[in-house]
Amino acid sequence: MPIKSRNIIFAVGAALSISISGCRDDVERALECAGDNRVEIEKVLDYFKDDPNPLKLRAAKYLIKNMPYHHHYRGEGVEYYDSAYMAMSRVPYQMRDSVFSRMIKDADMRHTEAVSDIVALNSDYLIEAINEACEAWEKTP
């Protein structure tokens, strides 16, 4: 067999093995990323696996496979922002920027950390979010 043909066969074989290894189930990959939180994430899949609405299980799998790429913040700084948003919602639209700016000027973000959703969100939170989203979807004309 000529060297050129062997190189092509090798290149095709390498490409196939790379593509096959890249085809691992995204949900399983997310579960591996969950670490100690894996049990909580698996509870979500178990909860929806026999649900009469197949959209809920599809939504759960979609959320779970994308969770490793998303995070949320927690800490004292987040509490400042939360209270500023709540206060801002109680004033007329025209005043919201000034209320928000005044409230967050003293926010100390040094004690705030980013936390990966896949390692921190619990099953109750995810189940409730999926149920509410599907309910809203079904009610939308």
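These are my notes on how a few helices pack in this predicted model.

**Ground rules.** I'm numbering residues from 1 along each chain as its sequence is written. The model is predicted, so I kept local features at pLDDT of at least 70 and side-chain atom pairs at pLDDT 80 or more, with totals for chains, interfaces and linings over all residues, and side-chain values on heavy atoms without hydrogens or water.

**α3 and α4.** I looked at α3 (residues 38–48) against α4 (residues 54–66); helices here are DSSP runs of H or I, at least four residues, numbered from the N terminus. Their axes, lines fitted to C-alpha atoms over the stretch in contact, with angles from 0 to 180 degrees between N-to-C directions, come within 9 Å and cross at roughly 165°. That makes the two helices roughly antiparallel (over 145 degrees). Contact (heavy atoms within 4.5 Å) involves Ile 41, Val 44, Leu 45 and Phe 48 of α3, and Lys 56, Leu 57, Ala 60, Lys 61 and Ile 64 of α4.

**α4 and α8.** Next I checked α4 with α8 (residues 123–139): the axes come within 10 Å and cross at roughly 125°. So α4 is oblique to α8 (neither under 35, over 145, nor 65 to 115 degrees). From α4, Leu 55, Lys 56, Ala 59, Ala 60 and Leu 63 meet Ile 130, Asn 131, Cys 134 and Trp 137 of α8.

**α6.** In α6 (residues 96–104) I found Val 99, Phe 100 and Ile 104 buried (under 20% relative accessible area, 1.4 Å probe, protein chains only). The buried residues of α6 pack against α5 (76–89). Asp 97 and Arg 102 are exposed (over 50%) on the face turned away from the buried side.
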